[in-house]
Amino acid sequence: MTYLTVPILVKSISQAKADIAQALSAHAEMLELRLDYLPNPTVEDVDEVVSAARKSSLLIIATCRPQNEGGRFKGPEEQRQLLLNHALKAGADYVDIELASLAYKPPDLTNKQSIISHHDFDKLPSNINDILKDIKKTKPAVAKIAYQPQRITECFPALDIIKENKNVISLAMGDLGIMTRLLAKKLGAFLTFASLSPGSESAPSQITIKDMKQLYRWDALDSKTKLYGVIGYPIAHSLSPTLHNAAFSEIGYNGLYLPFLVEPTWEEFKNFMDGILERKWLHLRGLSITIPHKVHALEYVLARHGGIGKLAQRIGSVNTLIFEENGRLSGFNTDYTGAMDAIMHSLDIKRTELSSLSTAVLGAGGVARALVAGLTDEGAEVTIYNRTAEKAQLLAQEFGCKWRALSDLKKLKHLDARVVINCTSIGMHPKVDETPLTASLLRDDMVVFDTVYNPLQTKLLLQAQATGAKTIDGMSMFINQAAAQFELFTGKPAPRSTLRRAVLG
Ligand code: NAP
């Protein structure tokens, strides 16, 4: 069992009691009493807090971390040892003692009660395996190592330690280290920490117990859980973990979907991919790829002699990677599918019928490229309008369509298109009063599709609705591309209403 452990930052006795009750109702499995948060703690304080925690019937760790290991305790070492001894007498199950402080007289603990720990809040220690050996020489009940990685590949040593050792706590802190907190359960670590609520973290980027359970499916994880995730930089804003984990839960699929913050260079992308694939025991089965790694993903598949979907090749970028059990790697692009499905659904037509539609694509960036590739593949007649006319020309030449400068739209009296797709960022938050098209060019026989999804109802869509045109918002595309990814990931139909609910509430 990997205990989901909530640190109780004991700032006052009454607040600690309230937090213990809250942790119990949030279904914590263990409590860590952080006695060092109490200003000038006394043995009486320790008695009272430990007794309150005992009533919860959860397992208890008592910790009184000194400042030099990232804690708050400022008093003399003898006082700290006294408090910890007292915590044991009062009924704590474990006491966390830093390896460095064993040089002093350790508390009167038996080996069954000791968690011997080492923390590095700056870096991955270069001698991490030696530190672990030194900890293990003390024959503790549990060995603990926590450090701050500087790049995501530095999380792998923490996972290797869990994989190769019993009774360990091994984690990488900060946004980069999120995977170590979740995979702790799959790999069988002694515990992982989860904060009670935002603001009550005892270490950087600790996830709340609510998110551990609801967003990351803690209770459903086990050693067979298949791993998925999204690679990007930045990644904290991504809705994909919310969406895919909700869909896994809905269909009862044993998967976990995590955010991976991979620095924006090819080297970092390659190193991360090599590292995660080398560890076959992580059971990585699929990845979503977002900015700035979509081209890197394509190159990586080619370098490993994997397969690339026909349109991903034409688009020149991959947003979905699939890893089969036999080691085969394939790359796809579902960005265009999401958009085209949204158009077909809105017009109630089949994909082949797209060929009869004249389409105006506004923009010539990554999203426009995916749409132009998808639409021209079905034989649709496309005209590209872009602010930088040369880019419109290049894209048009590549895919055999027409092009014009975006500014030409202002000169037109009539726009010869049944479908208009905005692939520029015009109208996106915060410039919500902007629109790429004058309202006079909109008609009621048009489908107007805005790929912008923040806000959901852009000025362009509101004006189109006012003329009676059918409209498609950017969220439909986002959900459709995720649904197509989910089907590639799991081989099962995506629960679309769950996906929509997960992002729209
Ligand atoms: P990109 O590659 O950076 O391309 C941006 C495009 O917008 C270019 O054509 C650029 O024209 C144009 N543009 C930017 N600012 C402009 C302005 N002030 N006036 C006129 N044109 C302007 O970005 P992308 O990845 O294609 O993303 C484009 C938009 O798609 C994003 O803003 C986002 O809202 C949306 N999106 C939606 C989804 C979804 O699932 N719904 C997914 C990804 C992105 P130049 O070539 O002249 O610079």
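Here is a short walk through this predicted model, from the whole chain down to single strands and the cores.

Let's start with the overall picture. The protein chain holds 17 helices and 20 strands, and its C-alpha trace spans about 85 × 50 × 40 Å along the principal axes. Of its 505 residues, 58% count as buried. The accessible surface comes to about 21,300 Å², with 51% of that belonging to carbon and sulfur atoms. Contacts often reach across the sequence: among those between residues at least 6 apart, 67% join residues at least 24 apart.

A good landmark to find next is an open sheet of eight strands. Its order is β7-β6-β5-β4-β3-β2-β1-β8, and the pairing is parallel. At the edges stand β7 (168-172) and β8 (191-193); each has a single partner strand, so one side of each is left without a neighbour in the sheet. Direction ignored, neighbouring strands here are turned by 25° against each other on average.

Now look at the β7 end of this sheet. Strand β6 (residues 142-147) runs parallel to β7, and five bridges join the two. To locate this pairing by eye, find Ala143, which stands opposite Val168 in β7. Helix α4 (residues 128-137) packs on the sheet here, touching β5 (114-120) and β6, and its direction makes about 150° with that of β6.

Moving along the sheet brings us to β2 (30-34). Strand β1 (residues 3-9) is joined to β2 by five bridges in a parallel run, with Val6 opposite Leu31. How well covered is β2? It is mostly covered, as five of its five residues are buried. In a regular strand the side chains alternate between the two faces of the sheet. In β2, Met30, Glu32 and Arg34 point one way while Leu31 and Leu33 point the other way, and all are buried. Helix α2 (residues 43-55) lies across β2 and β3 (59-63), running at about 170° to β2.

Further along the chain, strand β11 (residues 284-289) deserves a visit. Why is β11 described as largely enclosed by the rest of the structure? Six of its six residues are buried, so the rest of the structure largely encloses it. Strand β9 (residues 226-232) pairs with β11 in the parallel sense over five bridges, and Gly229 has Leu287 of β11 as its bridge partner. With strand β13 (residues 320-323), β11 pairs in the antiparallel sense over three bridges. Leu287 appears here again, standing opposite Leu321 in β13.

Leu321 also leads us into the largest nonpolar core, which has 110 residues; Leu321 is among those with the most contacts inside it, along with Met179, Leu182, Phe260, Phe272 and Met273. Helix α16 (residues 474-490) gives the largest share of this core, seven residues. Domain 1 (3-218) and domain 2 (240-329 + 480-504) both contribute residues, so the core lies between them. Met179 is a handy place to explore these contacts: leaving aside residues up to four places away in sequence, Met179 touches Ile152, Cys155, Phe156, Leu159, Leu258, Phe260 and Phe272. Apart from this core lies another, of 34 residues, including Met340, Ala342, Leu371 and Val382.

Methods:
Residues numbered from 1 in each chain as written. Predicted model: local features only at pLDDT ≥ 70, side-chain atom pairs only at ≥ 80, totals over all residues. Heavy atoms only, no water. Buried < 20%, exposed > 50% of the residue type's maximum accessible area, 1.4 Å probe, protein only. Helix = DSSP H or I, 4+ residues; strand = E, 2+ residues; numbered from the N terminus. Pairing = 2+ DSSP bridges. Core = buried A, V, L, I, M, F, W, Y, C linked by side-chain atoms within 4.5 Å. Domains from an automatic or database assignment. Contact = heavy atoms within 4.5 Å. Axes fitted to C-alpha atoms, helices over the stretch in contact; angles between N-to-C directions. Areas by Shrake-Rupley, 256 points an atom, 1.4 Å probe, with all protein chains shown as cover.
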